[in-house]
Structures are given as C-alpha cells and as structure tokens.
Amino acid sequence: MSSDTDAFITREEIDPTDEGPLSGRTVAVKDNISTAGVPTTCGSAMLADYVPPYDATVVERLKDAGARIVGKTNMDEFGMGTTTETSAFGPTDNPAAPGRVPGGSSGGSAAAVAAGEADLALGSDTGGSVRCPAAFCGVVGIKPTYGLVSRYGLVAYANSLEQIGPIAPTVQGAAELLEVIAGPDERDATTREHGAETAYASAADGDVDGLTIGVPTELVEGADEAVVEQFEAALEDFRVQGAETVEVSLPSVETAVQAYYVIAMGEASSNLARFDGVRYGPTAAATDDAEAGNWNDAFAAVREGFGEEVKRRILLGTYALSAGYHDKYYDKAQDARAWVRRDFAEAFETADVIASPTMPVPPFELGESLDDPLQMYLADANTVPVNLANLPAISVPAGETAEGPVGLQLVGEAFDERTIIRAASAVE
Amino acid sequence: MTAQTAERDLSAVIGLEVHVQLETDTKIFCGCSTDAADDEVPNSRVCPTCLGLPGALPVLNEGAVEAGVKVGKAIDAEIPEETSFHRKNYYYPDLPKNFQITQYDAPICADGELAFRVDGEERTVNIRRAHLEEDPGSLQHAGGSIDTADYTLVDYNRAGTPLMEIVTEPDFRGADEVRAFLAKLEEVLEYLGVFDASRDGSLRVDANLSIVDSKTLDGDDISAALEDANRTEVKNISSHRGAQQALAYEETRQKNAVRRGREVEQETRHWDESRGITVSMRSKEEEKDYRYFREADLPPLRVSGWKEEIAIPELPDARRERFRGEYDLSAESASKLTSTKQVADFYETVAAEFDSDLAATWVADNLLGELNYRDMQVTDVEGRLDEFTRLIDLVDGEAITTKNAEEVVLRRMLDDGLAPDAVVEAEGLGKTDDNAVLAAVREAIEENPDAVDDYESGEEGALNFLVGQVMQATSGSADPGTVNERLRAELDE
Ligand SMILES: [Zn+2]
C-alpha cells in the first residue's frame, strides 16, 4: 500500500462494531463526516484540532455493517472546490493521472480508492463533489437522491443540496456501500421513506435492453472534444446492448451554475458562521478590541483563518442574502432551481435515465485552476443541475483521454437509484 | 401653544414583542431536557444539536408546535396550512450556530387578539403574529459586567429552549395598559399549561414607543403619524412591573423632549431596572439585516387540522363567569379564585366537597392570603392540597375552631411543613368537650371572686375577663360563644 497520493488527512483505524455485509472491507471516509474521537477537519485550518464527540449516522452504519474505517480523506476546504487543492493540508495527486488533480471536493476519497488504499470510500456531493473526483480518478461514484442518506454528522456546506455518497472501483461495490448507508434516520428530518425498492447491489446486473437514455444537447455541446469522443463511444455501447438513445432538452441548465453558486454560497455563509473562535479555530488573539469586549472584531480576526476560496464564498453568499440583493440573487436562484426541477421532470417523460459526460474536461494539472475560480465553477455545469433537482446520479468510468480518465454521468428519477446502477453496470 | 396644552395633546403609541418560554419536556430541536435544576452544572443539558456542533441537525419537537397552536386558539389567531422555519443570521457569543432557527413567513399564529381590563375598562389589543424559535445560551461575565469582565463563560443549558415571540400591533396608549396586557397574557398562557411564570427568564419584553399628536389617533389609520414620529426600542424588560416602569419613564422622557422642541432620537435603549431609567445603547445601531432564508434541514410541517384536533382548557374569563353563576360567588371572589388554573382547579375540588362559600373563604382568603404573605404560590404547595382539604374538613366538622385553624394550624402547615392533624395534636387544639369547659368555668368563678362581684354589680366587662380566663385554661380550644353561655348560666344560678 502506498501513500504517495496524500489521500488522507488522518490515518486512523476505526474498528467495526459488528459483522455484516461489509465485513473484511476497508472504507476511507471524507474528512467532513464526523467520527467520534477521530479528528474531522473538513480540510480546514479552522477545524485542525476539532475532534467530534459523536459519530455521523453513516459512520455508525458502516461500523455496524462490519466495515473497517482506515482514515479520513483529504478534501477541498469545507467541500468548496473541484480539485482538492483548497485543502489546508495540501493537494492530493491523482493516482490515475499523476501530476493532475484528483477532482474535488472528495478528491482524497476517490484517490484512496483508485490507489487501492481503501476498498471503498465515502464522499459528499453538494454540486458534483463525489462524481467529479470519481470521473477524474477513473472510479465509480454515486450522488444519492436528496433525503436517501442521512446527513447527520456531515459538516454542512450547502445543506439543501448535499448528500453523502459512495465511491468504489466498481458499480457493484458502490451499490453495496449505498445499500448500507441509505435509509431514513430520525436525526435527519429530511430523510424519508419513499416506497421505492432499496436492493441496490442486485440492480447491478447490466441489463439495459429496452432502456431509453436521454441525451441533453446542452450538457454535451460545451465539452472537450476528447471527452465527447469517449462519451459517444459509451452511448454506442448502450445501443449495442439494446438500449435506445434519444435527444432531450434541458434549457434551464443555462442558468444552473449561477443559481447553484448563489444558493450554495448563501447557505455556506450561514453554515460556516459558527466557526468564530469561541469554540472552533485559533483562540482569538488578545487584541485591544477583544479586550474591550468587541467580539465582532475578535470574530473577524479568527475568521481570517479560512482559506481564500472559503472566504470568497462566504462573502459572496452573505452578499446574495443581504437586504436589497436577496430578491435579485437568492430568490431568483430559487426560481431557477424550480425551473431545473421541472425540466428534468419533463425529460423523464421520454427517458429512463439522462446521460452526459460527468465533467466537460479531463483532469486539470495540479495548480492550473487555482487562480481562476470562474473556470473551476464552470466545470461543474453538468453536475450541479442534479443537486438543484434533488435527483440521484452516478459517474462511471468511460474511457480515457491523453490527460486522464473520463466519466459518464447517468441521472435518474428521485429514489430510482436502481435504474442508474443497472445502466452504469452495463458500460463499466 | 403653551407647554400645558402641548402636554395634553401628546400621546404614547406602544407596540410589544413578548418572548415567552414554552413549557415542553424537551428542547425545540433536540431531545435534551428543558427542566433546569437550581444547582445544575453549566453545559450539562446539552447534545451535539443544541451545542451547534458541526454536522448536527435539528429535528422539530412537535410538542412545541402544539403549544403554539394552543396559544393560537386562545388568542383567536389564524393557524396556517403549513408552518416552516427560517434562519435568522447574526453573530453573538451566546448563539451556538451564529444563526437562530425561527419563523419568518409562515408563523404558527397570525392575526390574533387579546382582551384585558385596565382601570375598569375592557381593551383589546391586536396580535400581529406569534412564532416559534430557539433560545440562545447564556453568558456569564466573570468579575463584572459585560464591559468590565476579565472573561466571559458560555452556558448552553438554555440553548434550544422553545420560545414563542408574540408581536402586537402598536395598540397600547400607555404603560398601565401594557402591564395589564402582560398580566392577562401570562394568565392565559398558564391556563393553557404552556408557560411557567416562576421560571427564571421565562418572560422577556422588547417595547417600541413613539410620541404622536393625540389628534392623529382619532382615525383608523395611525401609520402615517407613526411614520413621522421617531421611536425608541426599549430592551431588557423582564416583568410586568418592569414594563410599566420602563415605559412610563420612556413616555415622560420623550414627551419632555418633544415639549422642549427637541427631536427624539430613533434608537435602542436598555432598561436599567436597578436605576429605574432607560439608557441609550450608544453604539450607533445600523439597520439590522438578518439575511433570513429557509431552514432546509426542517421540512415544512402540515398543521392544517391541528386547530380542530388540539383541545384547550376553559380560559380564565369564561371560568370566572361560570364561577359567579355556578357557585354564586362575588366578582371579587370569582376573580381571585381564577387567578391561576391551579387555584381554580383546587377551588373546584374543595367546592365539590364542602359548601361553596366556605370553600371560597378558605381558598381565596385564608390559603391565598397566607401564601401571598409568605411570597408563595399555590404551585409551591401543589403536592399538599389534600392536607388543606383535610384542614377545611376539621373546621367543617367542628373538630377545631375557625380561629385556631386560621391562626395556628394553617400557619404552622406553611411554616413548618406539618400536616393539619399533627399541628392539632402538637398544640392540643382539639375542641374541648362540654365537661371540660364546665370544669374550667367553675374553676374561673372560684378563683376570681372579685370579678364575680363586679359581674353581679352589673359590670359586663368582668364577664369578658372571665371568658378570657376560661379560654386560657383550655388553650383556646373552647368555643368562646359556648364559654360565654356557660359562664352566664353558672353565675346567674
Ligand atoms: Zn440538545
């Protein structure tokens, strides 16, 4: 086992509490998922010394299912990034394309699986953070339907958008892990019974005969030529196996990236407000202001400790929620979100799953995108609409370009994880 | 215009934001207890959720929503189809998440009203809305006030206690009305069983006060007049009396300013209870922007059927009326006996067993009087109400005298925690039988020949002296009327 990839922030084993479907398997856990007694840093200097006193529901379920947790994986600070380079603990290399980023924000989890340092991994996906690194590292990642997996213990970045999701070398492996972590939790009021079949592992049977796959032109047009080539090959593979491909339209995705960032940053500005130095982060320096009882200045001084990307998003999110801008940005973004949801619903009238490249580009070189946040944000164009619509999606490897792996994204209807697992298993 | 007419033409316009702690078993978004022990250790009633630990999530305690619906029914408010929560974002060291989960556009109650009496007149104040929210933690400034403390400690035991914020329209015209309203509001909330006034910090009031020309109050719409007038927000009020004093002070202060032609500054002021004045918070309050947005962790809750499903007890006004009719009580007695739900319940228990007048005297005058004298409430002796019933039983069965029951037994019950029979036993108060009275009468006559002579020569005062002697000899357990009779009979023989 090599640790050249720097996939982990903390390497610490957590024993299973019972025998179960994951007995004998190792799982890497993203460092924004709370583990009792084991540091949970979120890739941030602000939480470098934070040790949660409780386990996230998914961690409890892993332990009960017999899994051995092998460590906490590197990530973009608080999940804010597409490359894992905003981590306060340094970047992670891509085992499938050395010298390039592993994607983000769950880059450490995908890299750990790609490098064989863990059999399986958990990531979290707010706007593509499981699917992007799965695509870049040549592994499988699932973003479950909002409400399928408990978020209790997941340190929130944008709580109306995110879900914890599995990462594995195979569709089967990802489905098995999903089966363990899915299901209602009384500690997360947004989880619910949905009535759909939950035997995910058995759905990975490769049977796509008669399946209709919708292809939204809007999500293919802007992609890299080399990526599109691999994507077309995957579609041909589907057709060979008896599936039909049809063109569908998702005109709303044009505004999805903007809407996504307004909502995500708005929520982040609130979710990250608690890191003010009272209980988290470096102790407020004994400034004159702090001694004079001016805690606002003391808070501000401590919050300088966030990384640049986090500060940018908190500031923009605060702005978008402020009086006078709330209507113009936040409310409009919510309208756009509703529009995206309707567009998908319409597309599902003709298609069983919707396919696109997961990422429109191959993995960036390390350091390439750091100075250009806008380029990074636009790379999320294919993944964020899924979070806005609360839908499930899977990224499955679909060939390689000269710069690294390509991922195929398959989106399903709410709580119909089985159909996207079945479809993905046909082309892996 | 002279100063005096100006004074007469000015009127205060007051609106309130009343925060009350709702009585529920557990906190509003987690399973921690709301039961604060007097000597509890700081940060002992906490969990990841009420501490705001990263990753912890709120789960709505429907008991708090139920309490909210009860209040809504009592103030005749509209209950929405669906109620939901928002985040109110602001930084304060006692706020675990630096946002408060509260309600914004779908409060549990809207458009209610509450009637109360002040100076013998009925008034009704409109309630714009009442919404649910979580209480922050509390700060302890070590070694002084917020300005002088060396350091500040945070206790999160209170964090997550369910609060209801009740917002009135600016319908009050004076501090007396505010006090009467708050008393009535507390009475109603206690009747509903959703509020405990004896709990520390259970009531907190912010008040807005403006001074306007009285003439502008004649029309239906006073918003234009309010628009022109600067208002102050008075914070840190925690009692009815405090509200009355703070607002009376503020009214005078603003009227004086207006009469002297000075502009009232639009500002937030702090009620300093110990000095009896309001003080400017000085720091130039910028317009607060709480950046409200939907709390996605809590799905909206459908409450459309709740108003019909949830029953509320008979409210104080209705009960007062019923008491007057059913038990034939005076307005004053009925009012005293319905002052709290516990008193009214106890009265009804007693009245079911004894004559309703006797029950009224014992509950309203004797028990409440003695409790009041000791600064106690009926709730302080809740577990001993059967002992008071026993005491009334002793009086009603003439086992002890009314005087002893009132002056000895009841007092020792309250002061020493004794049961009534134990006091009777210890003090030897059992009513003395006729033979013993007769023996004492004869003894008194024998030992006081001078008094007997005086009586025989027509001095009525001598009889009183002899009665006193007999009462002393029987330790007060004899009935003075009987003693009087027996003495006359013996002397006149
Ligand atoms: Zn708690």
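What share of the 493 residues in chain B is made up of buried residues? It's 38%, where buried means 20 or more other C-beta atoms within 10 Å of a residue's own, exposed means 12 or fewer, partly exposed is in between, and C-beta atoms are placed from the backbone.

Okay, quick housekeeping. This is a predicted model, where local features need pLDDT of at least 70, side-chain atom pairs count only at pLDDT 80 or more, and totals for chains, interfaces and linings use all residues. Residues are numbered from 1 along each chain as its sequence is written, while chains are lettered from A and ligands numbered from 1 in the order in which they are written.

Let's stay with chain B for a moment. We have 18 helices and 15 strands there; helices (H or I, at least four residues) and strands (E, at least two) are DSSP runs, numbered from the N terminus. The radius of gyration of chain B is 30 Å, whereas a compact globule of 493 residues would be near 23 Å. That radius is taken over C-alpha atoms, and the globule rule is 2.2 Å times the number of residues to the power 0.38. The C-alpha trace of chain B spans about 95 × 65 × 55 Å along its principal axes. As for contacts (C-beta atoms, placed from the backbone, within 7 Å), take those in chain B between residues at least 6 apart in sequence: 70% of them join residues at least 24 apart.

Now chain A. Chain A has 14 helices and 11 strands. Of its 428 residues, 63% are buried. Its radius of gyration is 20 Å, which agrees with the compact globule value near 22 Å for 428 residues. The C-alpha trace here spans about 75 × 55 × 45 Å along the principal axes. And for contacts between residues at least 6 apart in sequence, 76% in chain A join residues at least 24 apart.

On to the cores. A nonpolar core, for our purposes, is a set of buried Ala, Val, Leu, Ile, Met, Phe, Trp, Tyr and Cys residues joined through C-beta atoms within 7 Å. The largest one has 208 residues, and A:Val27 and A:Ile167 have the most contacts inside it. Helix α7(A) supplies the largest share of this core, 11 residues. There's also a second, separate core of 31 residues, including B:Ala351, B:Trp362, B:Ile392 and B:Val409.

Let me zoom in on chain A. A:Ala134 sits in helix α3, residues 131-137. Why does A:Ala134 count as buried? Because A:Ala134 has 39 C-beta neighbours inside 10 Å. Leaving aside neighbours within four places in sequence, its contacts include A:Ala110, A:Ile167, A:Ser395 and A:Gly407.

Then there's helix α14(A), residues 417-427, which is mostly covered, with 10 of its 11 residues buried. Among the buried ones are A:Glu417, A:Arg418 and A:Arg422, along with A:Ile420 and A:Ile421. The cover includes strands β5, β9, β10 and β11 of chain A, plus helices α4 and α6 of chain A.

Where do the chains meet? The contact takes 31 residues from chain A and 26 residues from chain B. On the chain A side, α7, α9 and α10 each give two or more residues, and α9(A) gives the most, with 3 residues. That side divides into 14 nonpolar, 11 polar and 6 charged. Here Ala, Val, Leu, Ile, Met, Phe, Trp, Tyr, Cys and Pro count as nonpolar, Asp, Glu, Lys and Arg as charged, and the others, Gly among them, as polar.

Last topic: two helix pairs in chain B. The axes of α10(B), residues 341-353, and α11(B), residues 356-373, come within 9 Å and cross at roughly 145°. Axes are lines fitted to C-alpha atoms, for helices over the stretch in contact, and angles run from 0 to 180 degrees between N-to-C directions. This crossing is right-handed; the near helix is turned clockwise from the far one by less than a right angle, and anticlockwise would be left-handed. Contact residues include B:Phe346 and B:Ala351 of α10(B), with B:Trp362 and B:Leu368 of α11(B). That contact divides into 9 nonpolar, 1 polar and no charged.

The other pair is α16(B), residues 449-456, and α17(B), residues 461-473, whose axes come within 8 Å and cross at roughly 145°. This crossing is left-handed. B:Ala451, B:Asp454 and B:Tyr455 in α16(B) meet B:Ala462, B:Leu463, B:Phe465 and B:Leu466 in α17(B). The split is 6 nonpolar, no polar and 1 charged.

Definitions and conventions:
Two residues are in contact if their C-beta atoms, placed from the backbone, lie within 7 Å.
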